[in-house]
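Here is a short set of exercises to work through with the model open beside you. Each task comes with a worked solution, so try it yourself before reading on.

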Amino acid sequence: MSGKETRLPLPCKSERWYLMNQVVIVISRLPWFDLVKVRYENEAKEFFVDVQLLSLEPDSSPTISLALLGGTP
């Protein structure tokens, strides 16, 4: 391996991408910080995520609940 990762293009406004296994819609992007503002497909709440967390296919990898780590569910 060369050590370089293949980067996906920055998502464009109104595109649908996956954040883990849920569809999100891109609202805007901050390319200087590699951040995108998204919302879940069926929700109105908007939030920023690192563009590296988005993918074109769902990711069903097992995860640890924040509740198990002492966070809020």
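**Exercise 1. Examine the salt bridge between Arg16 and Glu41, and say which parts of the chain the pair ties together.**

Solution. Step one is the contact itself: the side chains of Arg16 and Glu41 form a salt bridge at 3.1 Å, N to O. The rule asks for a side-chain nitrogen of Lys or Arg within 4 Å of a carboxyl oxygen of Asp or Glu. Step two is location: Arg16 belongs to strand 1 and Glu41 to the loop between strand 3 and strand 4, so the pair ties together parts that are 25 residues apart in sequence. Strands here are DSSP runs of E with at least two residues, numbered from the N terminus. Step three is accessibility, where buried means under 20% relative accessible area, exposed over 50%, and partly exposed in between (1.4 Å probe, protein chains only). Arg16 counts as exposed because its relative accessibility is 51%, while Glu41, at 34%, counts as partly exposed.

Before going on, some ground rules. This is a predicted model, in which local features need pLDDT of at least 70 and side-chain atom pairs count only at pLDDT 80 or more, whereas totals for chains, interfaces and linings use all residues. Residues are numbered from 1 along each chain as its sequence is written, and side-chain values use heavy atoms, with hydrogens and water left out.

**Exercise 2. How many salt bridges does the rule give, and what is the accessibility of Glu46 and Lys37?**

Solution. The count comes to two salt bridges. Besides the pair above, the side chains of Glu46 and Lys37 meet at 3.8 Å, N to O. Glu46 is partly exposed with a relative accessible area of 40%, and Lys37 is partly exposed with 22%.

**Exercise 3. Work out the strand order of the sheet and find its edges.**

Solution. Start with the order: the five strands form an open sheet, 4-3-2-1-5, with antiparallel pairing. Strand 4 (46-50) and strand 5 (54-55) are at the edges with a single partner strand each, so one side of each has no neighbour in the sheet. Pairing requires that DSSP finds at least two bridges between two strands.

Next, take the pairs. Strand 1 (residues 16-19) is joined to strand 2 by four bridges, and Trp17 stands opposite Val24. Strand 2 (residues 22-30) and strand 3 (residues 35-40) pair over six bridges; among the partners are Val26 with Val38 and Ser28 with Lys37.

Finally, check the turns. The hairpin of strand 1 and strand 2 has two residues between the strands, and Met20 takes a positive phi near 60° there. Four residues separate strand 2 and strand 3 in their hairpin, where Asp34 has a positive phi of about 55°.

**Exercise 4. Which residues make up the largest nonpolar core, and which elements give two or more of them?**

Solution. A nonpolar core is a set of buried Ala, Val, Leu, Ile, Met, Phe, Trp, Tyr and Cys residues joined through side-chain atoms within 4.5 Å. The largest one has nine residues: Trp17, Leu19, Val24, Val26, Val36, Val38, Val49, Val51 and Leu54. Strand 1, strand 2 and strand 3 are the elements that give two or more residues to this core.

**Exercise 5. Where does Met20 lie, and how far in space is Ser60 from Met20?**

Solution. Met20 lies in the loop between strand 1 and strand 2. Met20 and Ser60 are 6.6 Å apart in space, C-alpha to C-alpha, although 40 residues apart in sequence. At 33% relative accessibility, Met20 counts as partly exposed.
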